[in-house]
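Let's take a walk through this structure by way of its charged side chains. Have a look at it first, and then we'll go pair by pair.

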Amino acid sequence: MGNPAPLATIDNTMIKAIARAFRWQQLLENCTYGCLDEIAKTERIGPSFVSRVIRLALLAPDIVEAILAGKQPAHLTLKDLMQPFPVEWSGQRAHFVIGAAG
C-alpha cells in the first residue's frame, strides 16, 4: 500500500522569508524604496540575498498558503525556495513537487 508523502510542520524560517519578500515588494510598489540596492543598504544585507528573497513574492498563492499552514511537503526547505524556480505557477508546483489538489 502506498503511504502519502509526509507533510512538514510549520517552518517559521520559510514563513519569515516569505513575509519579508511580500513586505519588500510592497515597499517597492509604494515607492518607499526605488530599487533592491536601497533595501539591501537599509537592511544591512547583501543585494544578492534581497533579490533571492524577494522572488518568494512570486510564489503561487496555494504554495504560500501550504507553507503558512505547515502543509508543504516535508522535503521542501528554505534552501530549496532560495534556488531559481519557474515564474509560472504550474511550473512551480512541478518544480517543488506540490500538487494543486483540491
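## Following the salt bridges

R93 has a relative accessible area of 19%, so it counts as buried, the cut-off being under 20%. Keep in mind that this is a predicted model, so treat each value here as something computed from it.

What does R93 do with its side chain? It meets the side chain of D62 in a salt bridge, at 2.7 Å from N to O. The two partners come from distant parts of the chain: D62 sits in helix α4 (residues 61-69) and R93 in helix α6 (residues 89-96), 31 residues apart. D62 itself is partly exposed, with a relative accessible area of 25%. So this bridge has a buried arginine at one end and a partly exposed aspartate at the other.

How many salt bridges does the structure hold? There are three. Having seen the one between D62 and R93, let's move on to helices α1 and α2.

Which residues are linked in a network of salt bridges? They are R20, R23 and E43, and E43 is the partner that both arginines reach, R20 in one bridge and R23 in another.

Start with R23. Its salt bridge with E43 has the closest N and O atoms 2.6 Å apart. Because R23 lies in helix α1 and E43 in helix α2, the pair ties together parts that are 20 residues apart in sequence.

Now for R20. Here the closest N and O atoms of the bridge to E43 are 3.9 Å apart, and since the cut-off is within 4 Å, the pair still counts as a salt bridge. R20 belongs to helix α1 (residues 12-29) and E43 to helix α2 (residues 36-43), so once again distant parts of the chain are linked, this time 23 residues apart.

Are the members of this network buried or exposed? Each falls in between: R20 is partly exposed at 27% relative accessibility, E43 is partly exposed at 26%, and R23 is partly exposed at 38%.

One last stop is the loop between α1 and α2, where you'll find C35. At 32% relative accessibility, C35 counts as partly exposed too. If you look from C35 across to P47, the two are 12 residues apart in sequence, and their C-alpha atoms are 9.8 Å apart in space.

Key. Residues numbered from 1 in each chain as written. Predicted model: local features only at pLDDT ≥ 70, side-chain atom pairs only at ≥ 80, totals over all residues. Heavy atoms only, no water. Helix = DSSP H or I, 4+ residues; strand = E, 2+ residues; numbered from the N terminus. Buried < 20%, exposed > 50% of the residue type's maximum accessible area, 1.4 Å probe, protein only.
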